[in-house]
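Hello,

Here is the structure we spoke about. Please open it first, then read the notes below.

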Amino acid sequence: MQNEELRQSQESLQAARLRYFDLYDLAPVGYCTINERGLILEANLTAANLFGVTRESLVRRPIVRFIAREDADRYYLMQKRIIETAEPQSAEFRMVNGGGTPFWAHLYGTAAQLDGAPVGRIAMTDISARKRAEEALREASALKTAIFNSANFSCIATDAKGVIQLFNVGAERMLGYAAGDVLNSITPADISDSQEVIARAEALSLELGTTITPGFEALAFKASRGIEDVYELTYIRQDGSRFPAVVSVTALRDDHDVIIGYLLIGIDNTERKRVEAERERLDQALRDKNVELENARSVAENANRAKSEFLSGMSHELRTPLNAILGFAQLMESGSPPPTHAQKRSIDQILKAGWYLLELINEILDLALIESGKATLSHEPVSLAEVLLECRAMIEPQAQKRGIGITFPRFERPCFVSTDRTRVKQVLINLLSNAIKYNRPDGSVVVEYGMVPPNSIRIGIRDSGAGLPAEQLGQLFQPFNRLGREATAEEGTGIGLMVTKRLVELMGGTIGVDSTVGVGSVFWIELGLTTAPLLAIDETEQAALVRPQVSEGTPLRTVLYVEDNPANLELVEQLIARRTDLTMLGAADGDLAIEFARIYQPEVILMDINLPGISGLEAMRILRADPATAHIPIIALSANAVPRDIEHALAAGFFKYLTKPIKVDQFMEALDMALTISQTAAQATAGRAGNREEA
């Protein structure tokens with residue numbers, strides 16, 4: 001019986017011991033026992049997990065291995081006190097687990113005996129989460145303190161009645177009050193402009209349909225309704241000075257949504273107001289300056305218009321008597337009986353002066369036209385070889401008269417530039433005339449060319465004259481400046497080069513000169529290269545060329561094409577040649593076009609705008625004013641594709657306006673429409689004539 005009771009008692013004790021160790025291992029707190037040297041004698045499973053190692057590997061390892069180096073000395077002191085004084089000790093330590101991960105732990109140590117030797121029992125709790133929360137709280141608190149004590153804005157907190165309870169450093173700096181001067185004594189309305197507070201109360205009363213008392217209620221009314229309010233307000237400093245501020249008002253509420261106060265954040269708005277005022281001042285100054293410039297531009301335009309009108313009128317008034325002078329002088333020169341030798345010399349002087357005066361008038365008018373912006377140029381492919389050939393025919397008699405040898409280049413292959421044919425010829429003639437005029441006796445003029453990358457050509461005119469010093473080169477393109485040649489026998493206006501320079505620039509080119517005193521000068525222009533005008537027709541355009549064959553014996557209808565560019569004439573001639581119902585006449589200028597139109601009565605006229613002599617626009621107006629040609633449809637065919645100019649031309653009376661390069665289908669469609677209108681007009685005229693005969 002006794003043995004049975006002893007056995008049961010031992011089993012109960014063993015079960016209790018096992019339950020104890022289970023509880024010891026599974027406890028949320030890590031436990032370990034250390035000897036006097038700090039070596040771990042035993043530890044529970046929780047301690048092993050905290051240290052990140054197995055429980056077996058902890059035995060005989062110094063616990064200080066898991067204490068962060070910064071806290072090792074504090075731990076040694078705590079361990080010493082536990083062993084020596086047997087008094088409980090506790091502290092928080094930075095720890096490092098077996099994997100090197102840091103964590104915080106609270107250590108609580110007590111003294112004990114194990115097998116008669118003093119030991120320490122350490123209880124460890126992981127407090128990492130609490131430490132992180134405390135750090136975040138400290139950072140938030142520091143940020144809050146920094147914000148509140150910021151000198152960059154004012155922070156004023158009031159109670160529910162508006163009495164100031166809190167006044168930060170920024171408010172003290174901005175308003176000049178010490179916190180003690182305002183706490184529990186005044187409201188923000190007392191340091192604000194009273195008239196603005198009253199005006200705000202009145203505006204809110206009108207807006208919300210209720211009576212709002214001037215004072216703090218006016219400042220906080222919207223915030224009290226749950227609306228965060230931001231407005232501009234004038235604050236008054238303690239010394240009486242004022243400054244504009246932007247104020248944000250927010251209601252502060254407790255857990256039951258009851259207002260317990262208000263928070264007013266204010267920013268000094270002085271600098272922004274100053275910048276706005278300065279910007280407004282500058283904007284007004286700019287507006288005033290624009291008005292001045294507009295007035296000046298208007299005055300300049302009026303003056304320029306008046307100058308152009310004066311020059312135009314002067315041209316007419318001078319040309320009329322000059323026509324008589326030159327005409328009668330030529331009659332006298334060729335009269336019968338012939339003039340005497342003395343009379344011949346006098347007549348020569350009259351003719352020389354008359355032709356010079358005509359040249360002067362033409363150059364002044366050209367310059368006035370360019371400077372007024374009324375000079376229109378077409379940009380189309382122009383053959384340099386053809387232009388230089390025409391220039392050669394015009395300039396060689398002048399060179400031969402002065403004994404100047406002149407050489408022109410031969411082009412190995414066709415060379416086309418994108419420019420205005422009439423104007424480029426004018427430029428080259430002017431430069432060639434100067435090269436002959438200011439050359440030495442029996443001198444030479446050489447026309448040369450060279451390619452300029454990436455896609456330009458330079459035409460140079462080299463003379464063997466006296467050359468120009470550097471100081472004169474800088475004055476070369478100034479109007480009415482003859483560079484000291486006024487006293488020489490050579491006549492000139494001093495504006496030819498100025499006109500030449502402006503024309504080259506209008507054509508998108510550049511002009512320059514290289515000169516050596518005693519050797520001569522090279523005047524050159526550079527123009528952009530382009531491809532030759534081609535008759536490229538796709539399938540759609542080819543279909544546009546196919547027209548029904550007309551019956552044999554049907555009279556051909558005539559198209560008159562007015563164009564000074566031979567390449568363009570040939571192109572249109574090829575197009576017309578493919579029509580079995582049409583024939584084409586060509587005219588190189590407006591005057592000849594008017595004469596041909598009156599004589600041949602074409603069914604349709606194709607008119608270039610930029611022509612030598614009178615322009616295509618002027619020629620069209622003359623034809624429209626003449627009853628004999630007024631019925632003929634006139635189609636503008638020009639390289640000028642500016643919409644404003646197209647609208648102007650159509651409004652002036654052109655039937656259609658086609659731009660170059662030619663689109664064959666559009667060209668044929670416009671031509672057919674014009675032919676139909678022309679035929680209708682002819683039938684109507686014939687009908688009226690028949691009615692008159694019957695009557």
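**Around Ile632**

Leaving aside neighbours within four places in sequence, Ile632 is in contact with Pro602, Glu603, Val604, Ile605 and Arg624. Bear in mind that this is a predicted model. Ile632 sits in the loop between α19 and β21 (634–638). Is Ile632 buried or exposed? Its relative accessibility is 1%, so Ile632 counts as buried. Ile632 can also be placed relative to Ala597: they are 35 residues apart in sequence, and their C-alpha atoms are 8.8 Å apart in space.

**Helix α18**

Ala597 belongs to the buried set of helix α18 (residues 590–600). The others in that set are Gly590, Ala593, Ile594 and Phe596. Seen down the axis of α18, the buried residues fall within an arc of 165°, so they line one face of the helix. A general point helps here. An α-helix has 3.6 residues a turn, so residues three or four places apart point the same way.

What do the buried residues of α18 pack against? Their partners are three strands, β18 (557–562), β19 (582–587) and β20 (604–607), and the helix α19 (616–625).

Look at both ends of α18 too. At its start, a side-chain oxygen of Asp589 comes to within 3.2 Å of the backbone nitrogen of Asp591. Just after α18, Gln601 has a positive phi of about 50°.

**The nonpolar cores**

The largest nonpolar core has 41 residues. Within this core, Leu428, Leu432, Val445, Ile461 and Ile525 have the most contacts. Several elements each supply at least two of its residues. The helices are α12 (384–402), α13 (421–437) and α15 (496–506). The strands are β14 (444–452), β15 (456–463), β16 (510–516) and β17 (520–530). Which element gives the most to this core? That is α13, with eight residues.

Leu432 is a good place to start looking. Not counting residues up to four places away in sequence, Leu432 touches Cys391, Ile395, Ile406, Phe408, Val445, Val447 and Ile461.

There is also a second, separate core of 32 residues. Phe167, Leu204, Phe216 and Ala245 are among its members. As background, nonpolar side chains tend to be buried together in soluble globular proteins.

**Aromatic rings**

How many aromatic pairs does a search of the whole structure find? It finds seven. One of them joins Tyr75 and Tyr76. This pair is tilted, at 6.3 Å centre to centre, with 55° between the planes. Tyr75 is buried, with a relative accessible area of 1%. Tyr76 is partly exposed, with a relative accessible area of 45%.

Tyr75 also pairs with Phe93, this time edge-to-face. The centres are 6.1 Å apart, and the planes make 75°. Tyr75 lies in helix α4 (residues 72–85) and Phe93 in strand β3 (residues 89–96), so the pair ties together parts that are 18 residues apart in sequence. Phe93 counts as buried, at 0% relative accessibility. Through these ring pairs, Tyr75, Tyr76 and Phe93 are linked into a cluster.

**Charges over rings**

Two spots to check here. Lys131 lies over the face of Trp104, at 4.3 Å from the ring centre. Arg200 lies over the face of Tyr231, at 3.9 Å from the ring centre.

Best wishes

Key:
Residues are numbered from 1 along each chain as its sequence is written. This is a predicted model: local features need pLDDT of at least 70, side-chain atom pairs count only at pLDDT 80 or more; totals for chains, interfaces and linings use all residues. Side-chain values use heavy atoms; hydrogens and water are left out. A nonpolar core is a set of buried Ala, Val, Leu, Ile, Met, Phe, Trp, Tyr and Cys residues joined through side-chain atoms within 4.5 Å. Buried means under 20% relative accessible area, exposed over 50%, partly exposed in between (1.4 Å probe, protein chains only). Helices (H or I, at least four residues) and strands (E, at least two) are DSSP runs, numbered from the N terminus. Contact means heavy atoms within 4.5 Å. The arc is that of the directions from the helix axis to the C-beta atoms. A polar contact is a pair of N or O atoms within 3.5 Å; within protein, one must be able to donate a hydrogen and the other to accept it, and residues adjacent in sequence count only if both atoms are side-chain atoms. Rings of Phe, Tyr and Trp (its six-membered ring) pair if their centres lie within 6.5 Å; planes under 30 degrees apart count as stacked, over 60 as edge-to-face and the rest as tilted. A charge sits over a ring if NZ of Lys or CZ of Arg is within 6 Å of the ring centre and within 35 degrees of the ring normal.
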